[in-house]
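Trainee: I've got a new model to look at, and I'd like to work through it with you. Can we go step by step?

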There are 2 protein chains.
Amino acid sequence: MRQAGRYLPEYRQIRAKHDFLTMCKTPELASEVTVQPIDIIKTDAAILFSDILVIPEAMGMRLDVIESKGPVFDVPIRSLEQIENLQTDGLIERLDYVMQAVKMTKEKLNNRIPLIGFSGSPWTLAAYMVEGQGSKNFDVIKSFVYNESAAAHRLLQILADSVVEYLNAKIRHGCDAVQIFDTWASILSPHDFEEYSLKYIRYICEHLETNGAPVIVFAKGVSSYKNLADLKCDVLGVDWARNIGDVRREIGGVKALQGNLDPTVLFAPKEKIREETERVLRSYGKNAGHIFNLGHGITPKTPVENTQYFVECVKELSAKYHED
Amino acid sequence: MRQAGRYLPEYRQIRAKHDFLTMCKTPELASEVTVQPIDIIKTDAAILFSDILVIPEAMGMRLDVIESKGPVFDVPIRSLEQIENLQTDGLIERLDYVMQAVKMTKEKLNNRIPLIGFSGSPWTLAAYMVEGQGSKNFDVIKSFVYNESAAAHRLLQILADSVVEYLNAKIRHGCDAVQIFDTWASILSPHDFEEYSLKYIRYICEHLETNGAPVIVFAKGVSSYKNLADLKCDVLGVDWARNIGDVRREIGGVKALQGNLDPTVLFAPKEKIREETERVLRSYGKNAGHIFNLGHGITPKTPVENTQYFVECVKELSAKYHED
C-alpha cells in the first residue's frame with residue numbers, strides 16, 4: 001500500500017479492470033498508476049508501482065494475490081531442495097517487465113521529480129516464501145531458521161544476491177534512488193535481527209552499484225538504530241512508533257532520516273494533521289537530513305483530500321526547519 | 001495465549017468440550033486450566049485463565065470468540081451515546097465468575113506458588129471495542145480518537161475506572177499480583193501513546209488498592225521505557241524486540257523487569273533454547289529485579305517438551321545471576 005495511489009479513485013478504476021499481478025507485469029499500467037499520485041497529491045518523489053514478491057515469483061514460486069488475504073504462495077519453501085531449485089539464472093530477464101516500467105515511468109515523469117525503486121529485504125522475502133502468506137506469530141519461518149539454519153542462510157544469501165542484481169538493474173534502467181524494505185524486522189529479537197536480517201542488508205548495501213543513487217534502508221519496528229548507522233547507505237527510514245529526534249541523536253546524525261508521521265493521522269481532522277506534521281518536523285529539528293514521509297504505507301481508506309492537505313502542510317511548515 | 005496452557009493436550013481436551021467463553025465463565029474449568037501448566041511445565045507463578053474482553057462483555061457488549069478470527073463484537077462502539085449506555089453499575093457483580101475462579105484457583109494452588117491476575121489496559125480494551133475485532137491498521141479506533149476525541153477520552157476513563165475496580169476485586173479475592181496488558185501500545189506514536197494509553201495506565205496504578213500485591217505493566221512494542229519508569233508499579237514487562245539490558249539502563253534500574261525471550265525460540269532445538277535463555281540472563285546481568293518470562297504470549301503449537309526444557313534452563317542458568 002505504500003507505493004502508488006491505491007487509495008485513489010483513479011487507481012481503483014484501473015484496478016477494477018486488471019488483477020494486481022497483471023498491473024505489476026504490464027509496464028503501461030504500472031507506470032500509469034506510479035505517476036497518478038504525483039499530480040493529485042503533489043509529492044516530490046514517485047515510487048514505482050510493484051510488489052516485493054515479484055522476486056520469488058520470478059524464481060518460479062506460484063503467487064496469488066487474494067484481495068482479502070494478501071499474497072499467498074501455493075507451495076511454500078520448507079526444504080533445502082526447494083531452495084536449490086529456485087530459478088535464479090535469468091532472473092532479471094524474467095523481471096524485465098519491471099525494468100520496462102521504470103523506463104516508461106521515467107518518460108512519463110519527464111524529469112519533474114525523481115523515481116524510487118524498491119525491494120524487500122532478504123529476511124522479509126524469506127518470511128513470505130517460507131510462511132507462504134502473512135502470519136500472526138511467524139512460527140513457521142522462525143522454526144525454519146532455528147531448525148534448518150544452514151538452509152535458511154542459503155536462502156537468505158540467494159535472496160541477497162538477487163536483490164543486488166535487481167536493484168542494480170533498476171538503477172541502470174533509471175531509478176534515481178532505491179529503498180530496501182524490511183517489513184518484518186520487528187518480529188526478530190535484536191540478536192536474531194543481526195544474524196538473519198541485518199547481515200544480508202549489509203551485504204546488499206556493500207554490493208550495490210549505485211552510480212550515485214541514494215540507498216534507503218527501512219527496517220520497520222527495529223528497536224535500535226545504532227546497528228544500522230554503519231550501513232553503506234544514505235538514508236534510514238523510521239516508523240511512526242519512534243520519536244525521530246531520538247533516532248537522530250541515537251545514530252549521531254550520520255544518516256539522513258526518512259519519516260515518520262503515523263499514517264492513520266491522515267484520518268484525523270485538519271488541525272490534528274497539521275499539528276502532528278509539525279510535531280515530526282520539530283522532533284527532527286533544524287538542519288539538513290530529514291526526508292518527510294509517513295512512518296509506514298498509506299492505509300487503503302485514507303481520504304484523498306487529507307493526503308493533499310498533509311503534503312501542503314509538509315511543504316509549508318518545513319521551510320523554517322531548513323538549514324540556513 | 002499467554003495464560004494457562006492452551007498449547008497443552010490436557011487443555012485442549014477440556015476445550016474440546018466447552019467453548020472459550022464458557023470456560024472463562026465457569027470457575028471450576030477456569031481454575032482447572034489455570035493450574036494445569038504448573039505441574040506440567042513447573043513455572044513458579046500461575047496466571048489466571050481468562051480473557052481481557054470479559055470487561056466489555058460484562059458492560060453489555062455481545063462477544064463471540066471465533067476460533068479462526070479471534071474475538072468479535074457484534075456491535076462495535078462508534079458513538080458517545082453507546083459509551084454512555086455501557087453498563088458500569090454492578091460490573092464486578094457480573095464478573096463474579098472471575099472472582100470465584102480466583103478463589104478456586106487459590107484453593108487448588110494451596111500456597112505452592114503465587115497467582116497473577118490481569119486486565120487489558122483501557123487503550124487496548126477500547127481498540128477492540130471500537131474496531132469490533134482485531135485489525136491490521138487500526139484505522140477505525142484511530143479515526144475515532146482523532147475525530148471524536150471527547151468521546152474517546154470518556155470511554156478510556158470509564159475503562160480506567162472499571163479496570164481499577166476489577167483488579168482491586170481480584171486482589172481482594174486472592175490474586176498475589178496483577179498485570180496490566182497494553183497489547184496495542186505499539187500502534188501509537190510516542191505522543192499519542194502518552195495521551196491515549198499511558199495517562200490511563202498511570203491513573204489505574206495510582207488508584208489500585210494493592211494491599212502489597214505487586215503491579216506489573218506490560219506495554220508491548222513501546223519504543224521508550226523512560227516514560228514508564230515513574231509509574232506507580234513494581235514491574236515493567238519487556239517484549240522480545242528489545243535488549244532487556246538496554247531497557248534496564250534506560251530506566252536506571254528503578255523497576256524490576258519481566259521478560260523477554262522470543263516465544264518462537266521454543267520451536268528451536270534445545271541448544272538454541274539454552275543459548276537464548278542465557279543471552280537474556282546475561283543481557284539483564286547480575287543483581288535482583290529480573291523476572292524471567294517470555295517476551296509475549298506462548299504460541300499455540302509450541303512443543304510441550306521444549307517449554308519444559310526452557311523452564312529447566314531458566315532455573316539452572318539463572319542461579320549464577322542471582323544477587324550475592
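Mentor: Sure, and keep in mind that this is a predicted model. Let's begin just past a helix: α8(A) is followed by G132(A), whose phi is positive.

Trainee: Near what angle is the phi of G132(A)?

Mentor: G132(A) is the residue that comes after α8(A). Its phi is on the positive side, near 90°.

Trainee: And how many of the residues of helix α8 of chain A are buried?

Mentor: Buried here means that 20 or more other C-beta atoms lie within 10 Å of a residue's own. Helix α8 spans residues 122-131 of chain A and is mostly covered. Among the buried residues are W123(A), Y128(A) and E131(A). The count for the helix is 10 of 10.

Trainee: Okay, on to the sheet in chain A. In what order do its seven strands sit?

Mentor: It's an open sheet, and the pairing is parallel. β1 (46-47) and β9 stand at the edges with a single partner strand each, so one side of each has no neighbour in the sheet. Reading across, the order is β1-β4-β5-β6-β7-β8-β9.

Trainee: Which residue stands opposite G117(A) in β5(A)?

Mentor: Look at β4 (residues 115-120) and β5 (residues 177-182) of chain A, which pair in the parallel sense over five bridges. In that pair, the residue opposite G117(A) is V178(A).

Trainee: There's a helix packed on this sheet, α11 of chain A. What angle does its direction make with that of β5(A)?

Mentor: Helix α11 covers residues 190-207 and touches β5 and β6 (215-219) of chain A. Its direction and that of β5(A) make an angle of about 170°.

Trainee: Now β8 of chain A. How many of its six residues are buried?

Mentor: Strand β8 runs over residues 256-261 and is mostly covered. On one side, three bridges join β7 (residues 235-237) to β8(A), with G237(A) opposite Q258(A). On the other pairing, β8(A) and β9 (residues 290-294) share five bridges. As for buried residues in β8(A), the number is five.

Trainee: Through which helix does the chain cross from β8(A) to β9(A)?

Mentor: Start with β7(A), helix α12 (residues 244-250) and β8(A), which make a right-handed β-α-β unit. The crossover from β8(A) to β9(A) is right-handed too, and its helix, residues 270-284, is α13 of chain A.

Trainee: What about chain B: which are the edge strands of its sheet?

Mentor: Chain B has an open sheet of seven strands with parallel pairing. β1(B) pairs with β4 (residues 115-120) over two bridges, and I47(B) stands opposite I116(B) there. The strands that pair on one side only are β1 (46-47) and β9 (290-294) of chain B.

Trainee: How many residues does chain B give to the contact with chain A?

Mentor: Several elements of chain B give two or more residues, including α11 (190-207). The largest share, five residues, comes from α9(B). By class there are eight nonpolar, 11 polar and seven charged residues. The total from chain B is 26 residues.

Trainee: Last one: as by what kind of axis are the two copies related?

Mentor: A rotation of 180° with 0.0 Å of shift along its axis superposes chain B on chain A. In chain B, the C-alpha nearest that axis belongs to S223(B), 3.4 Å away. And 100% of chain B's interface residues are also interface residues in chain A, so the copies meet through the same surface. The copies are thus related as by a two-fold rotation axis.

Key
Residues numbered from 1 in each chain as written. Chains lettered and ligands numbered in written order. Predicted model: local features only at pLDDT ≥ 70, side-chain atom pairs only at ≥ 80, totals over all residues. Buried ≥ 20, exposed ≤ 12 C-beta atoms within 10 Å, placed from the backbone. Helix = DSSP H or I, 4+ residues; strand = E, 2+ residues; numbered from the N terminus. Pairing = 2+ DSSP bridges. Right-handed = clockwise from strand over helix to strand, strands pointing away. Contact = placed C-beta atoms within 7 Å. Nonpolar A, V, L, I, M, F, W, Y, C, P; charged D, E, K, R; others polar. Least-squares fit on C-alpha atoms with pLDDT ≥ 70 in both. Axes fitted to C-alpha atoms, helices over the stretch in contact; angles between N-to-C directions.
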